[in-house]
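Reader: I would like a close look at a single part of this model, with the cut-offs spelled out. Please take one aromatic side chain and work outward from there.

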Amino acid sequence: MDYRREIDGLRAVAVLPVLLFHAGFVQFSGGFVGVDVFFVLSGYLITSIILAEKQQGTFTIVGFYERRARRILPALFFVMLVCLPFAWFWMLPSDLKAFSKSLASVSVFASNILFWSESGYFDTVAELKPLLHTWSLAVEEQYYVLFPIFISVTWKFGRRWIVGVIIVIASLSLAAAQWGAFHDPSATFFLLPTRGWELLIGALTAFHLGSGKKFSVLAPGAGHWVNQIMSAVGLLIIAYAVFSFDKTTPFPSIYALIPTVGAALVILCATPQTAVGKLLSTRLLVGIGLISYSTYLIHQPLFVFARLHSGHALTTSMLSMLLLSSLALAYFSWRYVERPFRSKRQTSRNTIFVFSLIGTIFFLMVGLVGYSNNGFESRVSDEVRTLLKATDNNNPQQGKCLSTEKRYIKPEASCMFGDTQNVVGAVIGDSTGNALVYELGEALKAKKAGVREMTYSGCPSTLGVYRVDRKDDHRCAEYNADVFRYLRGSNPHRYVVLASRWTLYLEKDRYDNSEGGIEEGGPVFLDAIDQDKKAKNPEDVRRNRVRERYIQTVVEYLNANKKVVLIYPIPEVGWDLPRYLARLKMGNPKNTDDLTTSHRAFVDRNKAAYEALDSIGEHPNLVRIKPESTLCNTYVKGRCIVQLNGVPLYSDDNHLSSAGARLIVGEIARHITNQ
């Protein structure tokens, strides 16, 4: 197989958007499609090699896996090894336990299955997983367990028969991806059956070029211009996907045809004589392409450990420096790890297989030991362990009572708290309400009263709105409509407690406390539903419509003869508080008991939300609860407390812990009776 400089250039086009996407640059919102370009490239290159060897009669399964081991394992094991000391010193026990689990899964190329079972690729928590990106390696290696065997078994039937079978399998895989992108997005994103078609596009490309055909057969006599145009189209549609797609794009559905077909067109049509071929053959892009595998491996751990060490969201300048560092470290890995192991003169077959076996066993054992020892909790002090308990103790029933995309709980099946024999109301809202309801139930027990929890993650207690930045499986509007219908016809539920992150949905941007605490995650887009159609309004119109919906929802519940307890914005923190405090204690023994946030920042942040809620006016059945009056300007002048007597009042960067909830629910319970 002849070397093509433009293929290395295409590797650079694939890896750079992935880096920029993971760095959080919003302009590259679809940068994740670089992985899809890699899949096509991999399918093309490996199939081309197999075809060449089959034609020469030199192909063997052992030789194939030797080549894969040389290409994949040395750099992968090197990055995993370098991660170990940083994980030991900088990770909290729960993080180290999760990291250990990923070490074990990566070593047997099953990390895609692990990460599918844990969370989605676009979840905020994914930003703290150093080995998350290895899911794509797992997909490839699972594919290459099967593909060479398939070629060996079917070779006697001839190319045409093989190509026909590949087309059928790829079509079925694409159909499964299209269905799964809307019905089980996480599994569809991570697993081979819905990703295989992308590698098979590369395989079909290799079969086409291997047959001696050129794209110019579509226009005899005009081959050069066809190649010019089609290669440019290919590169442009890859760019379109990079800049136009985002985490709301159903993926990998038929949308993934755009970057994958684009990659195939570049492979088919970019030659040294075409403009695209010349561009991709430039020294810079070829150089980045040569180190693209190591760059891909290194960048994610580098970003994650930088976030863990700083405790803050990373600044643009810091991210830019990390991007350059990824390239520099990747060159080192390529020069001193990848190349020596890929050279048969320097590393024999027996050596590479022994190395692979030892490395696999080592990381498998390290991972299992770390996981079974709960991330070595003994590494941290009792004080740190106490701080971390605040991360998971605001609602012990959260796992079964909070609705999500994967768990839609109908109102009549919702959880009950307090005196479940005398439920008098409901807490409605997003996870903010979920963080309050358990302690509210405990407070209501003394009154022999109870409440239902009707909460949906990422969904405010507001009628007629939807999350623009979420996929269709986020059924916010449907849930709120179901809750309202149920409560409107239910006399026992006289009280409605509305608790949501009103400001976040109105402002879109996550919280920056102006003192180094910047909430992780992208913007939150909420918009109105008009006449059963999901609107996408300009920003000023969107804000007005959301504001109107806030007011209308409260009025609707009041008109339904409900007593509404309206919970105003709860002060946000910016830092993931217990973890931030724990890391400070781990790395620096200085006293952190005086940590607070600015009340002025809270006032500025929540001005529009306050104005919206204030504009509802007075009503005999409307009670306003303002957590600000408890948490701000009380214990410390001009500041909002985030901990009290060393106990965190938040379980993360915005949700109240049990201790924090207890400071608020007493006032709520005062307005609820069992009569």
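Author: **Phe-147 and its surroundings**

Phe-147 and Phe-150 both lie in helix α6 (residues 135–154), and because they are three residues apart there, about one helical turn separates them. Helices here are DSSP runs of H or I with at least four residues, numbered from the N terminus. The model is predicted, so local features need pLDDT of at least 70 and side-chain atom pairs count only at pLDDT 80 or more, while totals for chains, interfaces and linings use all residues. Residues are numbered from 1 along each chain as its sequence is written, and side-chain values use heavy atoms, with hydrogens and water left out.

The ring centres of Phe-147 and Phe-150 are 6.3 Å apart and the planes stand at 35°, so this pair is tilted. Rings of Phe, Tyr and Trp (its six-membered ring) pair if their centres lie within 6.5 Å; planes under 30 degrees apart count as stacked, over 60 as edge-to-face and the rest as tilted. The structure holds 37 aromatic pairs. Ring pairs join Phe-147 and Phe-150 with Phe-59, Phe-64, Tyr-65, Tyr-143 and Tyr-144 in a cluster.

Phe-147 has 4% relative accessibility and therefore counts as buried. The classes are buried under 20% relative accessible area, exposed over 50% and partly exposed in between, for a 1.4 Å probe and protein chains only. Leaving out residues up to four places away in sequence, Phe-147 touches Thr-47, Ile-50, Ile-166, Leu-200 and Ala-203; contact means heavy atoms within 4.5 Å.

Phe-147 also belongs to the largest nonpolar core, which has 79 residues; Phe-147 is listed with Leu-10, Trp-135, Tyr-143 and Ile-267 as touching the most other members. Helix α2 (residues 34–56) gives the most to this core, with eleven residues. A nonpolar core is a set of buried Ala, Val, Leu, Ile, Met, Phe, Trp, Tyr and Cys residues joined through side-chain atoms within 4.5 Å.

Ile-267, another of those core members, is in contact with Thr-205, as are Tyr-44, Ala-264 and Leu-268, when neighbours of Thr-205 within four places in sequence are set aside. Thr-205 is placed in helix α9 (residues 196–210) and is buried, with a relative accessible area of 5%.

Definitions and conventions:
Helix = DSSP H or I, 4+ residues; strand = E, 2+ residues; numbered from the N terminus.
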